[in-house]
Amino acid sequence: MSKVRPRAVTALAIAVATVSGTVTAAGAADTGGIRTDLRADVNRDGAVDVSGSSDVAGKTTWSSGRGAIFLPNIGDKQRRCKTRTPDGRWLSNARLEACNDAQGNVVRAPEYLAPLRTVPVDNVSDTAAGGLQLVGAGKSKVRLFLKRGDTWTYVTAGTRVTAAELRAGLQLGLDGRDVIREDWDGRTTVRFTVTDGDRTSTDEVMLRAAPLLTQHHLQRAEQALVVDGNRNDPNQRKFAREFAKEARKAGITKPTYKFKDGSDIWAQDFIEPGYVSMPGPGGKPRVLRVMMRSAQMDRPAGKQVFELRGPGVGVVQVNKGKYDQINSTGNLETIPPYAHDGTSYPAGRIITGRHGSRLPAHTAFLKAQQAQDPLVLDTGWLGIGHVDEFVQFLPADTPRGWKIGIADPEGTLALLRKAQRDGHGHTKVFSIPRSYADGRIPTIDQALSDKKLLKDNAYAARKIKENLALLKRETGVTDAEIVKIPAMFERFGFPGQDGAPRLGAYYPGAVNGVVLAPHKYLAPKQWGPVVTGKDIIAEAVTKAYAKVGTRVRYLDDWRTHHVGGGEIHCGTNTVRAAGTAWWSSPK
């Protein structure tokens, strides 16, 4: 936007011009004013318009519906970043995170620079000069470059632009050194100043860093992740092989990535795959994968996340939090996109679980992204305490595009009671081989006469209903959009400080499986009671998912994950398509 008009400037014109800069005394002259005009992709169409006016209005502010976006350029295009010392020891957390493409003042991945342009300044003398400046609290967190020929030059306070460059128009690029964090809202302003003798004109444009977004189940899985077992852990190695086969059968063509540290098999809990994106040419988003290490800085397995860093893939740490289950990323899931009561979440919305009044260490970091405002559920009634133990979101052929899958202990007890009424009370409540069982396997009759088990499941049902009520209020989901998934719970771990029991899955938690494709789901093998040749729990699970058109396959995780308080979902992860234009729907 021009700060100086070639004709007489009215009071109104001055007011409009000064929204994005300063009108100088020299600019008020009738003729000879300098017209500076700095632009970015304000309308988010993937290009900077310097010939028209589509990127002019609102360029000095930033809102959900309008404003230029830039990326934290934290990949490793040249694979130069190391993870270990020459003798094989892990680098420190600080050194691991410090290395990326935005390290230093060199452009290593220009494809992730946000474009800026200046409209050619025609009426300047040969002695005119231009300058560029970053202003605002975030200036140390971003980098600005000027392209001269084929070379990107880092812009400093001493960078001077020649009259010839001003007349030709400048090509600039901007990126971030880090993602948005609690101490920075992601906004930065670029100032462009031209001086020609006693004439000076200034223009500005604001940009904001793209938020770090988590994935949801409407995004197709492109790669699966799992932990490979150590040599002395044949069960985990078998699980990893069979999980990789199931991923291929579901249509995931990229080979499953296997983490090597078999001492920590919980691939859902030390990494949360995410992404940042901005508008690109032709309307196609420009995406950089960003893997988030769980907020457990003393969890050694988390360092493995940095081994995924490479071209188009960065890694971040929350840089606080200890190896406490509340901070695991199994306690972080994402509601698919929705709008309700005038609020829209075009990239989905995070759910995470509190333990009493304690919040996960990642909560403030994720809230700072200003995109997927975390909805906090109550998971303190669980022994492990993760949201993935009782709730999930399933692709569905509905106007919303998804339904809620929720653990249903009441329905499962009713299923056992029916089997009892039908004369099968002496059937073992689990059909696992004796070698799997930790102790004696009760019958259906014995399970249904276990007052503690019944009381615990009544407690679980109440806590699940409380959480579901919150989800319904926040999303507008109706009862018709809820799928009840068979589940039962038993005591797991020590009671909480409130004296209430802490619970875990009785049968392997079917809701704690993996959406591998829109209508393909991998659930843990149920090992329920076999009546007339059929596992009645597995049969009910299959029927429940069929209500959303989803076919279930089963994978045995009893010895690898179930006995440790988790299931298939806890021991695996997925990297999903990330083409969502999160900026297209105002919040």
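Two strands count as paired here if DSSP finds at least two bridges between them, a handy rule to keep in mind for these views of a predicted model.

**View 1. Four strands line up in an open, mixed sheet.** Reading across the sheet, the order is 2-9-8-4. Strand 2 (68-70) and strand 4 (129-135) each have a single partner strand, so one side of each has no neighbour in the sheet. From one strand to the next, the twist averages 35°.

**View 2. Strand 2 meets strand 9.** Here you can follow strand 2 and strand 9 (residues 199-209) running parallel, joined by three bridges. Look for A68, whose bridge partner in strand 9 is L207.

**View 3. C81 sits in the loop between strand 2 and helix 2 (93-98).** With a relative accessible area of 12%, C81 is buried, because buried means under 20%. Leaving aside residues up to four places away in sequence, C81 touches D76, C99, N100 and R309. L96 lies 15 residues from C81 along the chain, and their C-alpha atoms are 8.0 Å apart.

**View 4. Three strands make up another open sheet of mixed pairing, in the order 12-11-31.** The edges belong to strand 12 (257-259) and strand 31 (572-576); each has a single partner strand, so one side of each is left free of a neighbour in the sheet. The twist in this sheet averages 25° from one strand to the next.

**View 5. Strand 11 pairs with strand 12, and helix 4 packs on their sheet.** Strand 11 (residues 221-227) runs parallel to strand 12, with three bridges between them; L225 has Y257 of strand 12 as its bridge partner. Helix 4 (residues 234-249) touches strand 11, strand 12 and strand 31, and its direction makes about 175° with that of strand 11.

Methods
Residues are numbered from 1 along each chain as its sequence is written. This is a predicted model: local features need pLDDT of at least 70, side-chain atom pairs count only at pLDDT 80 or more; totals for chains, interfaces and linings use all residues. Side-chain values use heavy atoms; hydrogens and water are left out. Helices (H or I, at least four residues) and strands (E, at least two) are DSSP runs, numbered from the N terminus. Axes are lines fitted to C-alpha atoms, for helices over the stretch in contact, and angles run from 0 to 180 degrees between N-to-C directions. Buried means under 20% relative accessible area, exposed over 50%, partly exposed in between (1.4 Å probe, protein chains only). Contact means heavy atoms within 4.5 Å.
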